[in-house]
Structures are given as C-alpha cells and as structure tokens.
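Subject: Structure for you to look at

Hi there,

Here is the structure I promised to pass on. Have a look at it first, and then read on for what turned up.

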Amino acid sequence: MKTIQLGSTDLQVSRLCLGCMTFGEPDRGTHAWTLPEASSRPLIKQALEAGINFFDTANSYSDGSSEEIVGRALRDYARRDEVVVATKVYNQMSNLPRGLSRKNIMQSIDDSLTRLGMDYVDLLQIHRWDYETPLEETLEALHDVVQAGKARYIGASSMYAWQFAKALYTADLHGWTRFVSMQDQYNLIQREEEREMHPLCLAENIAVLTWSPLARGRLSRLWGESTARSVSDEFGKTLYASNEENDAAIARRVESLAAEKGVSRAQIALAWQLTKPAVTAPIIGSSRAEQLADLVKAVELTLTPAEVAELETVYQPHPVVGFQ
C-alpha cells in the first residue's frame, strides 16, 4: 500500500482510508445495513493486513457503536502509533444538541475517546458547518482540544470554500490551531469541488479526503442496480437526483474502460481520483472481504491522460449537494 503525507502534518497515511460507517450495531442508530462487531472485525483486520493505516469514523455513526467496534479492533490488531484514527463531531448525540458549541466539542471528544478506548485521536473533524454557533467559539474550543492532547490535528468536512477560507483566516488571526484536512464529496459524477474547494486546499496544503468516491455504489455496479443500503439510504437519495442521464453516461464510460483494462468499475473510479493532485486519500467503505480486496488494487492501477480525459469529458455541471 502506498502512503502519502497528510497535508502539512507529520502523518503518513495510506492512499486509501477505510470509512467506518459500515461498522456499527444495526439496532443502534438509523442504518439497518451496518455490520455488527463480529462481522466488522475481520474487515478491519483485512484492511490492516493490506496496508491501510487510516480509519475514519464519527461519534454519530450507529449511535457511537462504530467508534466502539473500531477502537476494540485496532487495540487487538495494531499498535496505536501505527494507525491514524479520525472521528467527527457535530451531529446530535445523547444529551447534546447538534452543533459545534464549546460544550458539544468538549464533551464529544471525551465521549469519543471513551468509546474508542484511546487517549487521543489523530484527527478530529467537524462534520458540518454550524450556522448557529459563533465561528470563534468553535475554533477556540478545537484549539483547546489539541492543546489538551486529545487530538493531534483538526479537520473539516463539506462546506463552501468561502466558509473554509474564513475558518482558516480566523484561526490564523487568533493564533489557534488550523484545519489540516477537508473531507468532501467527490467522484466522477459529482466534481463541483474542483471549482473552488480543491484549488483552495492545494494553495493552503490542506489534505483532501473524499467521501462517496464511488457515488454510493453508482460507479461500481450496473446502472440502476440497487442494494439493501441504497434502498434505505435516505441521505444518499438526495445526492444524485439532479442529472441522472448525465450520470448514467459517465457510468457507462467507467464500465467500458473497466472492461477494456480487465479490472472492476470500482478500481477505475478510485484510480481516477488518485490522479488528482488535490486528493490525499479517498474514503472507501466495504461490507465484504472480496469487495475490500478489489478496492485495494486500485492503488496500483495507472490511468493514462487519454483514459482520464475519456472519463471526464462527458461531465456536466451539477448542483452542490451534501451540505447546506
């Protein structure tokens, strides 16, 4: 597994990050398709054996059970200093309302560390932009979390580029800890982040961690084919409803190139992302061993400039979705 520096930090992370939303007790939270602990642990172990050292979860995934499962597995299968663990704060949890108030951030990091069974996380990310809490309150609280040694670095996710620029400027103005990463939706059928967010991240040496790199499976299976997750994923249904004809045309190009090269559609979609200088690590999800083994092969797949152009030229502008 190839590695890359995470933005301006001293962390070396695998070119693929294992997203841990798939791992969580199905009777906790709203995702009935998640895998319980007995089914999750072999996949986490497989990822480690494949060279993946970067794991992304969130306090709200399956009502905290994702953090619990991931934390126990990593303690059993890896040394703490060999893995990079990221989690998130923002969504409502137990007695805490949704948001990025000082109270929410301070209690959430303590709760996350308890569930993970760790003394610190490598990357604490804000899951969304908080329109209600003053930005200064959020940034100072995140700075204090880092100063207390509970997180090594902080990251952000899914916001407008002007908001991210404002956050970076405000942190610099006060001498507070700066965001080192941006987690955003990016794939062959949703490329709007190329217009503003990715140029900003390149200019500021910010790591880009892409979520939904396979467009919720639309780029990895036959067009129109459904899964248990796609049927019940209400959030996912809001992401790709604007231009289905164009999306299908892009998916056909992925299918054609995959057949030509004798690889899977998923490998093509991920290999395309890895040609982008802004992208540090796509966040992959997996519920089956053979699926994870296939995704890992994308790191070794090379696309020519002509093949990249073939995948890209049909794209039409899409609405920005996934956040408000």
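How many cavities of 30 Å³ or more does a search of the whole structure find? The search finds one. Please keep in mind that this is a predicted model.

Let me begin with the overall architecture. Eight strands form a closed barrel in the order S3-S4-S5-S6-S7-S8-S9-S10, and their pairing is parallel. From one strand to the next, the twist averages 25°.

A good place to start looking is strand S7, which covers residues 151-157. Six of the seven residues in S7 are buried, so the strand is mostly covered. On one side, S7 runs parallel to strand S6 (residues 121-126), and four bridges join the two. Within that pairing, Leu-124 stands opposite Ile-154 of S7. S7 also runs parallel to strand S8 (residues 179-185), again with four bridges. Here Ile-154 has Phe-179 of S8 as its bridge partner.

The connections around S7 are worth tracing too. S6, helix H4 (residues 135-147) and S7 make up a right-handed β-α-β unit. A right-handed β-α-β unit is also made by S7, helix H5 (residues 161-174) and S8.

Further along the barrel, three bridges link strand S9 (residues 207-211) with strand S10 (residues 279-284), and these strands run parallel. In this pair, Thr-210 faces Pro-282 of S10.

Now back to the cavity. Its volume is about 70 Å³. Among the residues that line it are Ser-158, Asp-184, Gln-185, Trp-211 and Phe-323. Sorted by class, the lining has four nonpolar, three polar and three charged residues.

One of those lining residues, Ser-158, deserves a second look. Ser-158 sits in the loop between S7 and H5, and its phi is positive, about 50°, although it is not a glycine. Is Ser-158 buried or exposed? Its relative accessibility is 2%, and buried means under 20%, so Ser-158 counts as buried.

Ala-215 is another residue to check. Its phi is near 55°, a positive value in a residue other than glycine. You will find Ala-215 in the loop between S9 and helix H7 (228-232). With a relative accessible area of 0%, Ala-215 is buried.

Enjoy exploring!

Best wishes

Methods: Residues are numbered from 1 along each chain as its sequence is written. This is a predicted model: local features need pLDDT of at least 70, side-chain atom pairs count only at pLDDT 80 or more; totals for chains, interfaces and linings use all residues. Side-chain values use heavy atoms; hydrogens and water are left out. Buried means under 20% relative accessible area, exposed over 50%, partly exposed in between (1.4 Å probe, protein chains only). Two strands pair if DSSP finds at least two bridges between them. A crossover is right-handed if, with the strands pointing away from the viewer, the path from the first strand over the helix to the second runs clockwise. On a 1 Å grid over the protein atoms alone, a cavity is a set of points where a 1.4 Å probe fits but cannot get out, and a pocket is an open set with protein on both sides within 12 Å along at least five of seven lines; lining residues have an atom within 4 Å of a point. Grid points are joined across faces, edges and corners, and a volume is the space filled by probe spheres set on the points. Ala, Val, Leu, Ile, Met, Phe, Trp, Tyr, Cys and Pro count as nonpolar, Asp, Glu, Lys and Arg as charged, and the others, Gly among them, as polar. Axes are lines fitted to C-alpha atoms, for helices over the stretch in contact, and angles run from 0 to 180 degrees between N-to-C directions.
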